[in-house]
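Hello,

Here is the structure I promised to pass on to you. Have a look at it first, and then read on for what I found in it.

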Amino acid sequence: MTIQQTTPIIPAGTMPTIFLSGEPFDMGIQYGQQAGHYIEIVSDNVKVMLAEFNKTELSQMLNKYLQHVKQLTEFDFLQMFEGISQGAKDKGIDLTPEDIAQINFWEQIRQTPKQSSACTNMAAW
């Protein structure tokens, strides 16, 4: 019997290295295609952590925080989130741009209005 592995096996405690290039949407597609399975796992966990909020509240908080981030940088994170969603869908993984935003801003959402008291996974390059 032959078992075909579709997702690479990475040793426990090891994070994959993802290489991206291009505009935010293009980088998002690349990221979604390369890390979609990992993103899906994190998204499922974040949804559990944010279950105390209804969909409308969550959407309003995400939009508020995205507006805050837009004031801090010219990088278009929303375009990247849309690209990640598309790249994941290309690999058969159903993630929305809002799912991606929740992953990136879950700590800020849970601590609102104390947004300055949390960190995020955003980086400058």
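Helices here are DSSP runs of H or I with at least four residues, strands are runs of E with at least two, and both are numbered from the N terminus. Please keep in mind that this is a predicted model, in which local features need pLDDT of at least 70, side-chain atom pairs count only at pLDDT 80 or more, and totals for chains, interfaces and linings use all residues. Residues are numbered from 1 along each chain as its sequence is written, and side-chain values use heavy atoms, with hydrogens and water left out.

First, the overall picture. The chain has four helices and zero strands, in the order α-α-α-α along the sequence. Of its 125 residues, 32% are buried (under 20% relative accessible area with a 1.4 Å probe, protein chains only; over 50% is exposed, and partly exposed lies in between). Among contacts (heavy atoms within 4.5 Å) with a separation of 6 or more, 65% are between residues 24 or more positions apart.

Now to α1, which is worth finding on your screen. α1 has 26 residues, yet its end C-alpha atoms are only 27 Å apart, short of the 38 Å that a straight helix would reach (the expected span is 1.5 Å times one less than the number of residues). At A35, α1 bends by about 80 degrees; the bend is the angle between axes fitted to the seven residues ending there and the seven starting there. A35 is also one of the buried residues of α1, which include G32, G36 and I39. The cover over the buried residues of α1 includes α3 and α4.

Helix α3 covers residues 77–90 and reaches 20 Å between its first and last C-alpha, close to the 20 Å expected. At its N-terminal end, D76 acts as a cap, with a side-chain oxygen 3.3 Å from the backbone nitrogen of L78. After α3 comes G92, with a positive phi near 85 degrees. The buried residues of α3 include F77, F81 and I84, and among the elements covering them are α1, α2 and α4.

Finally, what sits inside? The largest nonpolar core (buried Ala, Val, Leu, Ile, Met, Phe, Trp, Tyr and Cys residues joined through side-chain atoms within 4.5 Å) has 25 residues, of which I39, F81, F105 and I109 touch the most other members. α1, α2, α3 and α4 each give two or more residues to this core, and α2 gives the most, with six.

Enjoy exploring!

Key: A polar contact is a pair of N or O atoms within 3.5 Å; within protein, one must be able to donate a hydrogen and the other to accept it, and residues adjacent in sequence count only if both atoms are side-chain atoms.
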